[in-house]
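Student: I've got a structure open and a handful of labels I'd like to see justified. Can we go through them one by one?

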Amino acid sequence: METHKEKILVVDDEASIRRILETRLSMIGYDVVTAADGEDAIATFHATQPDLVVLDVMMPKLDGYGVCQELRKESDIPIIMLTALGDVADRITGLELGADDYVVKPFSPKELEARIRSVLRRIDKTGVAGIPSSGVISINAIRIDTNKRQVYKGDQRIRLTGMEFSLLELLVSKSGEPFSRSEILQEVWGYTPERHVDTRVVDVHVSRLRAKLEEDPSNPELILTARGTGYLFQRILEPGEKRANNIN
């Protein structure tokens, strides 16, 4: 019986990069489709329904930021941006628009392959320690179903990307306990220690989660900042337990 091959859409206006990535990713078992510009990327996405998108920023017709915005209107598909931009703020823009990770050009194909494996492995991961056997956690108006990887606010489903959900799941698994940014990068993104300088990846994803889940993102009550450390999820009370007045 033939096993399912995960499909990757590679979008880059440089033909040499498309050829290299198509060859290398195919050799390690992925089904690869390509697009040469932003408009082609949108059309190819709809035609092929890939499992992950590798997306260049600087492209004709529609740049990578525009493509990312369009895809996020309808899909939670993992997106890894390729950027040659030197300014960190420009790289962070892709994350703010919904990308899951980025790799800076010129890049090592092995590094990109590692990022792809890490993102795909993390969004498929189940059975996190600290999550109840039912897989369902409720706090205030938020209900988190870790089995279906879905989040509801009241009766409304809140769409999260795979990495946003994985970050939320990690924080909830040890609610009330802080995680450092480096710990989050290692657990969720699979970053090696030398890439732990990219802590803004965590900050941007936390900001995105707060915007989707908190009543007032500027004054969060669920995902709290642990000053000097990182972030923590408000401690989830046991049935019948009352929250102390001095705890938000």
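Tutor: Sure, let's take the labels in turn and check each against its cut-off. Keep in mind that this is a predicted model. The protein chain has 8 helices and 12 strands, and 50% of its 248 residues count as buried.

Student: Let's start with Leu82 in strand E4. What makes Leu82 count as buried?

Tutor: Its relative accessibility is 0%, and buried means under 20%. Leu82 is below the cut-off, so the label holds.

Student: Which residues does Leu82 touch, leaving out those up to four places away in sequence?

Tutor: Among them are Asp12, Leu21, Val57, Val103 and Phe107. Val57 is 25 residues from Leu82 in sequence, yet the C-alpha atoms are 6.1 Å apart in space.

Student: Next, the loop between H3 and strand E4, where Ser75 lies. Why is Ser75 called buried?

Tutor: Ser75 has a relative accessible area of 13%. The label needs a value under 20%, so 13% qualifies Ser75 as buried. Setting aside residues up to four places away in sequence, Ser75 touches Phe45 and Arg159.

Student: Phe45 sits in H2, right? Which residues of H2 are buried?

Tutor: Right, helix H2 covers residues 38-48, and its buried residues are Gly38, Ala41, Ile42, Thr44 and Phe45. They pack against strand E1 (7-11), strand E2 (31-35) and helix H3 (64-72).

Student: Now the helix pair. Why is H2 described as roughly parallel to H3?

Tutor: The axes of H2 and H3 come within 9 Å and cross at roughly 25°. Angles under 35 degrees count as roughly parallel, so H2 and H3 earn that description. Their crossing is right-handed.

Student: Which residues meet where H2 and H3 pack?

Tutor: Gly38, Ala41, Ile42 and Phe45 from H2 meet Val67, Glu70 and Leu71 from H3. As background, an α-helix has 3.6 residues a turn, so residues three or four places apart point the same way.

Student: And the ends of H2? How do you know that Asp37 caps the N-terminal end?

Tutor: A side-chain oxygen of Asp37 lies 3.0 Å from the backbone nitrogen of Glu39. A polar contact needs N or O atoms within 3.5 Å, so that distance passes the cut-off. Just after H2, Gln49 takes a positive phi of about 50°.

Conventions. Residues are numbered from 1 along each chain as its sequence is written. This is a predicted model: local features need pLDDT of at least 70, side-chain atom pairs count only at pLDDT 80 or more; totals for chains, interfaces and linings use all residues. Side-chain values use heavy atoms; hydrogens and water are left out. Helices (H or I, at least four residues) and strands (E, at least two) are DSSP runs, numbered from the N terminus. Buried means under 20% relative accessible area, exposed over 50%, partly exposed in between (1.4 Å probe, protein chains only). Contact means heavy atoms within 4.5 Å. A polar contact is a pair of N or O atoms within 3.5 Å; within protein, one must be able to donate a hydrogen and the other to accept it, and residues adjacent in sequence count only if both atoms are side-chain atoms. Axes are lines fitted to C-alpha atoms, for helices over the stretch in contact, and angles run from 0 to 180 degrees between N-to-C directions. Angles under 35 degrees count as roughly parallel, over 145 as roughly antiparallel, 65 to 115 as roughly perpendicular and the rest as oblique. A crossing is left-handed if the near helix is turned anticlockwise from the far one by less than a right angle, and right-handed if clockwise.
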